[in-house]
Amino acid sequence: MKPDWTASATLLADAEWVRARIGGAAKLYGCARPEVLGTIWWYSLSSVLVAPALEGLVAGAPADPSLDAMELDLLADGRFLGARSTRPFSGGLPELGAAFGEALGTAITTIATVTGARARALGAIATDSIGNRLLWTPDPGRAMALAEPLVAAIGLDLPKPRFQQVGRTPAVRRASCCLIYEVGNPKCVSCPRQTPAERDARLRAALG
């Protein structure tokens, strides 16, 4: 699938652009409180925003996660198709964490200001997106080992990434909720707003 348009990630610092994009999310998810739409939008965005640098990190060649290096591919309905970095990153893990921290911190601040969503809740979503994207790489064992020191280097008072084994499959033990159930959809399989027994049963059914 090809994107309908591409935008510089620097627009995540532009409150009016973010407000318009989140307003457009109502066409996908229906009317909801601004903080709910903002949280759902960030859940989708954060996953693609962190991907290029993380994939490169696990492969040994990290890409720059700075907003001025990142481009976002979007569909006409407002969904994010993917992202890419336009330049490599030459520093180590502490420097990569600092670059991530500036990029994520800017986006989180803008979304929180525009929608009233809590920055801490948005930060927890960022941690879980990092954990999930690391697990999707070809070397999930190495990726999980990188997760905690990377998140610590990012700062922003992000919660520690957590993982669990579901049979033979590693999964993120989420600290965040995307609030998708607030717009009439089922809770995610791994949603923390379930009883532990319900969550574990759904994860086993999904992952084996």
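Where in the chain does Asp157 lie? Asp157 sits in the loop between H5 and E4, and a later legend comes back to that loop. Before the close-ups, a word on the model. This is a predicted model, in which local features need pLDDT of at least 70 and side-chain atom pairs count only at pLDDT 80 or more, while totals for chains, interfaces and linings use all residues. Residues are numbered from 1 along each chain as its sequence is written, and side-chain values use heavy atoms, with hydrogens and water left out.

**View 1. The whole chain, to get your bearings.** The protein chain has six helices and five strands; helices (H or I, at least four residues) and strands (E, at least two) are DSSP runs, numbered from the N terminus. Going along the sequence, you meet them in the pattern β-α-α-β-β-α-α-α-β-β-α. The C-alpha trace spans about 45 × 45 × 35 Å along its principal axes. For 208 residues, a compact globule would have a radius of gyration near 17 Å, and the 16 Å of the protein chain agrees with that. That radius is taken over C-alpha atoms, and the globule rule is 2.2 Å times the number of residues to the power 0.38.

**View 2. Surface, charge and contacts.** Of the 208 residues, 47% count as buried; buried means under 20% relative accessible area, exposed over 50%, and partly exposed in between (1.4 Å probe, protein chains only). The protein chain exposes about 9,700 Å², with carbon and sulfur atoms supplying 54% of it. These areas come from the Shrake-Rupley method with a 1.4 Å probe, and for residues only the protein chains shown count as cover. There are 22 positive and 19 negative side chains, and the centres of the two sets lie 8 Å apart. Lys and Arg count as positive and Asp and Glu as negative, with His and the chain ends not counted; each charge is placed at NZ of Lys, CZ of Arg, CG of Asp or CD of Glu. Among contacts with a separation of 6 or more, 63% join residues 24 or more positions apart, where contact means heavy atoms within 4.5 Å.

**View 3. The largest nonpolar core.** This core has 46 residues, and those with the most contacts inside it are Leu12, Trp41, Trp42 and Leu49. A nonpolar core here is a set of buried Ala, Val, Leu, Ile, Met, Phe, Trp, Tyr and Cys residues joined through side-chain atoms within 4.5 Å. Helix H1 (15-29), helix H2 (34-59), strand E2 (70-74), helix H3 (93-115), helix H4 (119-135) and helix H5 (140-154) each supply at least two residues of this core. H2 gives the most to this core, with eleven residues.

**View 4. Trp42 and its neighbours, plus a second core.** Not counting residues up to four places away in sequence, Trp42 touches Leu49, Leu104, Ala107, Ile108, Ile111, Leu122, Ile125 and Ala126. A second, separate core has eight residues, including Val36, Ile180, Val183 and Cys191.

**View 5. Asp157 and Leu158, side by side in the sequence.** Back to the loop between H5 and E4, where we find Asp157 and also Leu158. Asp157 is exposed, with a relative accessible area of 58%, whereas Leu158 is buried at 13%. Asp157 also has a positive phi of about 60° although it is not a glycine. Leaving aside its neighbours within four places in sequence, Leu158 is in contact with Gly123, Thr127 and Val151.

**View 6. Leu179, another positive phi.** Leu179 is in the loop between strand E5 (169-172) and helix H6 (196-207). Leu179 has a positive phi of about 70°, again without being a glycine. With 12% relative accessibility, Leu179 counts as buried.

**View 7. Asp73 in strand E2.** Asp73 belongs to strand E2 and counts as buried, at 11% relative accessibility. Not counting residues up to four places away in sequence, Asp73 touches Pro3, Trp5, Thr6, Arg79, Phe80, Leu81, Gly82 and Arg84.

**View 8. Two more acidic residues, Glu102 and Asp139.** Glu102 has its place in helix H3 and is exposed, with a relative accessible area of 60%. The C-alpha atoms of Glu102 and Met70 are separated by 13 Å, with their positions 32 residues apart along the chain. Asp139 is in the loop between H4 and H5 and is partly exposed, at 35%.
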